[in-house]
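Biologist: Could you take me through this model slowly, explaining each term as we meet it? I am new to reading structures.

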Amino acid sequence: MLSIIEAAGWPIWTIILASVVSLAIIFERFYSLRQSLVAPAGLLEDVLNRSQAGDTRALYEQLANGAPLARILAAGLKNQRASREVMKEAIEEAGRVVAHELERFLTTLGTIAAMAPLLGLLGTVVGMIELFGASSPTGTNPQQLAHGISVALYNTAFGLVVAIPSMIFYRHFRAKVDALLVTMEQQAIHLVDVVHGDRDR
């Protein structure tokens with residue numbers, strides 16, 4: 001591997017840095033976007049049970065420091081004595097904050113997916129420059145010619161190797177976030193309907 005990096009020249013280090021950042025984001029998002037951490041099963045049912053039992057204050061304090069779905073439900077409980085519109089606005093405001101948290105680092109991952117091929121192209125250009133530099137009026141330097149070809153090809157390949165998985169996981173996490181947001185929105189609306197008597201539990 002070290003010999004490949006040496007053959008690829010200095011442009012490869014920008015791609016390696018991008019790959020390290022991409023991997024870190026992918027592992028972090030896999031951990032943070034788990035259903036059990038974002039929208040635990042049975043949370044809404046527990047909230048409805050405890051709120052109807054009159055444990056609202058302690059329940060709100062617990063939810064406000066809990067999972068993303070818990071914080072959305074806490075915003076609703078805090079305004080349960082207000083009108084339906086006010087309660088929904090509070091939930092939507094909390095939902096926007098949660099959505100921003102769930103989308104954290106995804107812009108960076110998408111940027112890496114878009115930029116990695118360009119970094120590979122940069123290495124290709126550097127390799128081509130070395131190729132032209134290998135030619136002189138007295139002849140061609142085979143060693144410099146081979147190095148220029150290595151720089152051009154390795155950087156192109158490494159750029160694509162980083163870009164393709166990054167784009168795949170970017171799309172995956174975007175879909176995961178959208179699915180989680182839909183789930184939380186449905187549960188929050190269910191809470192509003194139950195509180196205002198529009199729906200049975």
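Modeller: Gladly, and let's start with a term about helix pairs: a crossing is left-handed if the near helix is turned anticlockwise from the far one by less than a right angle. Please keep in mind that this is a predicted model. In it, α5 passes α6 in a left-handed crossing.

Biologist: What else describes how α5 and α6 cross?

Modeller: Two packed helices are described by the angle between their axes and the distance between the axes. Here the axes of α5 and α6 cross at roughly 145° and come within 8 Å.

Biologist: Which residues of α5 and α6 meet?

Modeller: From α5 there are Leu59, Tyr60, Leu63 and Ala64, and from α6 there are Ala70, Arg71, Leu73, Ala74, Leu77 and Lys78. Sorted by class, this contact has 8 nonpolar residues, 2 charged ones and no polar ones.

Biologist: Let's step back for a moment. How many helices and strands does the protein have?

Modeller: There are 9 helices and 2 strands. Reading from the N terminus, the order is α-α-α-α-α-α-α-α-β-β-α. The protein has 201 residues, of which 36% count as buried.

Biologist: Why is Leu73 called buried?

Modeller: Buried means under 20% relative accessible area. Leu73 has 0% relative accessibility, so Leu73 counts as buried. Leu73 is found in helix α6, and beyond its sequence neighbours up to four places away it touches Leu43, Leu44, Val47, Leu63, Gln187, Ala188 and Leu191.

Biologist: What makes a group of residues a nonpolar core?

Modeller: The members must be buried residues of certain kinds, such as Ala, Val, Leu, Ile and Met, joined through side-chain atoms within 4.5 Å. The largest such core here has 34 residues, and those with the most contacts inside it include Val47, Leu63, Leu73 and Met184. Helices α2, α4, α5, α6, α7, α8 and α9 each supply at least two of its residues, and α9 gives the most, with 8. In soluble globular proteins, nonpolar side chains tend to be buried together.

Biologist: Which residues is Val47 in contact with?

Modeller: Leaving aside neighbours within four places in sequence, Val47 is in contact with Leu59, Leu63, Leu73, Leu77 and Leu191. There is also a second, separate core of 7 residues, with Ile12, Ile112, Ala116 and Val162 among them.

Biologist: How do you know that Ala116 is buried?

Modeller: The cut-off is under 20%, and Ala116 has a relative accessible area of 1%, so Ala116 is buried. Ala116 sits in helix α8 and touches Gly159, Val162 and Ala163, not counting residues up to four places away in sequence. The C-alpha atoms of Ala116 and Ile16 are separated by 9.7 Å, though these residues are 100 apart along the chain.

Biologist: How do you know that the buried residues of α4 line one face of the helix?

Modeller: Those buried residues are Leu43, Leu44, Val47, Leu48 and Ser51. Seen down the axis of α4, they fall within an arc of 135°, so they line one face. An α-helix has 3.6 residues a turn, so residues three or four places apart point the same way.

Biologist: Why is Phe105 called partly exposed?

Modeller: Partly exposed is the range between the buried cut-off of 20% and the exposed cut-off of 50%. Phe105 has a relative accessible area of 37%, so Phe105 is partly exposed. Phe105 lies in the loop between α7 and α8.

Biologist: What is the phi of Phe105?

Modeller: Phe105 has a positive phi of about 75°, although it is not a glycine. Most residues other than glycine have a negative phi. A glycine with a positive phi, near 85°, is Gly54, which follows α4.

Biologist: One last residue: what makes Val177 count as buried?

Modeller: Val177 has 0% relative accessibility, so Val177 counts as buried under the 20% cut-off. Val177 is in helix α9 and, leaving aside neighbours within four places in sequence, is in contact with Leu33, Leu102, Glu103 and Leu106. The C-alpha atoms of Val177 and Glu103 are separated by 7.0 Å, with their positions 74 residues apart along the chain counted as their spacing.

Methods:
Residues numbered from 1 in each chain as written. Predicted model: local features only at pLDDT ≥ 70, side-chain atom pairs only at ≥ 80, totals over all residues. Heavy atoms only, no water. Buried < 20%, exposed > 50% of the residue type's maximum accessible area, 1.4 Å probe, protein only. Helix = DSSP H or I, 4+ residues; strand = E, 2+ residues; numbered from the N terminus. Contact = heavy atoms within 4.5 Å. Axes fitted to C-alpha atoms, helices over the stretch in contact; angles between N-to-C directions. Nonpolar A, V, L, I, M, F, W, Y, C, P; charged D, E, K, R; others polar. Arc of directions from axis to C-beta.
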